[in-house]
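Student: I am new to this structure. Can you take me through it and say what each label rests on?
Tutor: Gladly. Let us look first.

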Amino acid sequence: MRVHNTKKNNNNLTYISLFNILYKESLKALNLGEVPVASLIYEPKKKKIISKSYNLNRKNYNPCDHAEIRVIIKACKKLKISRLDGFYIFSTLEPCLMCSSVILQSKLDRVYFAIEEKKTGALVNNYKLALDSKIKKKIKVYYGFYEEKFSELLQKFFRKKR
């Protein structure tokens with residue numbers, strides 16, 4: 001499912017502004033030498049951001065410190081809940097298998113991401129968990145937001161590494 005949505009929310013947060021926030025978070029990761037991936041948890045009923053984060057797995061020597069997992073943990077701790085029913089996650093890159101599994105386990109309603117990850121993405125590519133008939137709670141996936149903008153950041157990171 002590929003959808004672009006720029007509808008305004010009542011508190012002036014648009015999906016455009018949410019992706020702009022993700023861009024700023026991605027720059028923080030890039031400046032730390034991390035893969036520039038960022039995520040945020042959004043509560044549509046209250047129209048507010050609950051948590052935001054970026055990759056820190058290199059800095060923290062932790063292969064699990066991906067933006068998606070960090071942001072889910074932060075949201076759950078902040079709200080003192082273990083399930084995020086009714087919440088959305090926004091990310092700059094299609095989540096990997098590890099992050100996709102955590103997204104499904106946390107019961108988020110929707111995933112929005114900028115760039116498809118053909119090699120390691122697991123929601124709409126490779127494992128296609130969003131389409132798996134064995135998974136009880138179906139998650140809605142929307143992608144293709146500002147692909148060029150976020151692709152440039154990733155390319156910048158990988159050019160530095162070469």
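**Labels and their reasons**

Tutor: This is a predicted model. Start with a pair of strands. Six bridges join strand 1 (residues 38-43) to strand 2, and the two run antiparallel.

Student: What makes strand 1 and strand 2 a pair?
Tutor: Pairing needs at least two bridges between two strands. Strand 1 and strand 2 have six bridges, so by the rule of at least two they pair. For one such bridge, take Ser39, whose partner in strand 2 is Ser53. Another links Ala38 with Tyr54 of strand 2.

Student: Which way does strand 1 run against strand 3, and how many bridges join them?
Tutor: They run antiparallel, with four bridges between them. Here Ser39 has Ser91 of strand 3 as its bridge partner.

Student: What is the order of strands in the sheet?
Tutor: The order is 2-1-3-4-5, in an open sheet of five strands with mixed pairing.

Student: Why are strand 2 and strand 5 called edge strands?
Tutor: Strand 2 (48-54) and strand 5 (140-143) each pair on one side only. That is what the label says. On average, neighbouring strands of this sheet are turned by 15° against each other, direction ignored.

Student: What packs on the sheet?
Tutor: Helix 1 (residues 15-31) does, touching strand 1, strand 2, strand 3 (88-93) and strand 4 (110-115). Its direction makes about 55° with that of strand 3. Helix 4 (residues 147-161) lies across strand 3 and strand 4. Helix 4 runs at about 65° to strand 4.

Student: How do you know that strand 1 is mostly covered?
Tutor: Count its buried residues: six of its six. To be buried, a residue must be under 20% relative accessible area.

Student: Which residues of strand 1 sit on each side?
Tutor: Ala38, Leu40 and Tyr42 are on one side, with Ser39, Ile41 and Glu43 on the other. All of these are buried, and both faces of strand 1 are covered. In a regular strand, side chains alternate between the two faces of the sheet.

Student: Why is Ser53 called buried?
Tutor: Its relative accessibility is 3%. The limit is under 20%. The value falls below that limit, so Ser53 counts as buried. Ser53 lies in strand 2.

Student: Which residues does Ser53 touch?
Tutor: Leaving out residues up to four places away in sequence, Ser53 touches Glu25, Ala38, Ser39, Ala67, Arg70, Val71 and Lys74.

Student: What makes the link between Ser53 and Arg70 a polar contact?
Tutor: The distance between their side chains is 2.9 Å. The cut-off is within 3.5 Å, for a pair of N or O atoms of which one can donate a hydrogen and the other accept it. The Ser53 and Arg70 side chains are joined by such a contact.

Student: How far is Ser53 from Leu123?
Tutor: They are 20 Å apart in space, C-alpha to C-alpha, and 70 residues apart in sequence.

Student: Where is Lys47, and what is its phi?
Tutor: Lys47 is in the hairpin of strand 1 and strand 2, which has four residues between the strands. Its phi is near 55°, a positive value in a residue other than glycine.

Student: Why is Lys47 called partly exposed?
Tutor: Its relative accessible area is 21%. Buried would need under 20%, and exposed would need over 50%. Lys47 fits neither, so it is partly exposed.

Student: How do you know that Tyr61 is exposed?
Tutor: Set 76% relative accessibility against the cut-off of over 50%. Tyr61 passes, so it counts as exposed. Tyr61 lies in the loop between strand 2 and helix 2 (67-79). Phi of Tyr61 is near 50°, also positive.

Student: What is the pattern of the whole chain?
Tutor: Along the sequence it reads α-β-β-α-β-α-β-β-α. That gives four helices and five strands.

Student: Why is the chain called as compact as a globular protein of that length?
Tutor: Its radius of gyration is 15 Å, and the globule rule gives 15 Å for 162 residues. The two are close, so the label holds.

Student: What share of the chain is buried?
Tutor: Of its 162 residues, 49% count as buried. The accessible surface is about 8900 Å², and 52% of that belongs to carbon and sulfur atoms.

Note on methods:
Residues are numbered from 1 along each chain as its sequence is written. This is a predicted model: local features need pLDDT of at least 70, side-chain atom pairs count only at pLDDT 80 or more; totals for chains, interfaces and linings use all residues. Side-chain values use heavy atoms; hydrogens and water are left out. Axes are lines fitted to C-alpha atoms, for helices over the stretch in contact, and angles run from 0 to 180 degrees between N-to-C directions. Contact means heavy atoms within 4.5 Å. The radius of gyration is taken over C-alpha atoms; the globule rule is 2.2 Å times the number of residues to the power 0.38. Buried means under 20% relative accessible area, exposed over 50%, partly exposed in between (1.4 Å probe, protein chains only). Accessible areas come from the Shrake-Rupley method with a 1.4 Å probe; for residues, only the protein chains shown count as cover.
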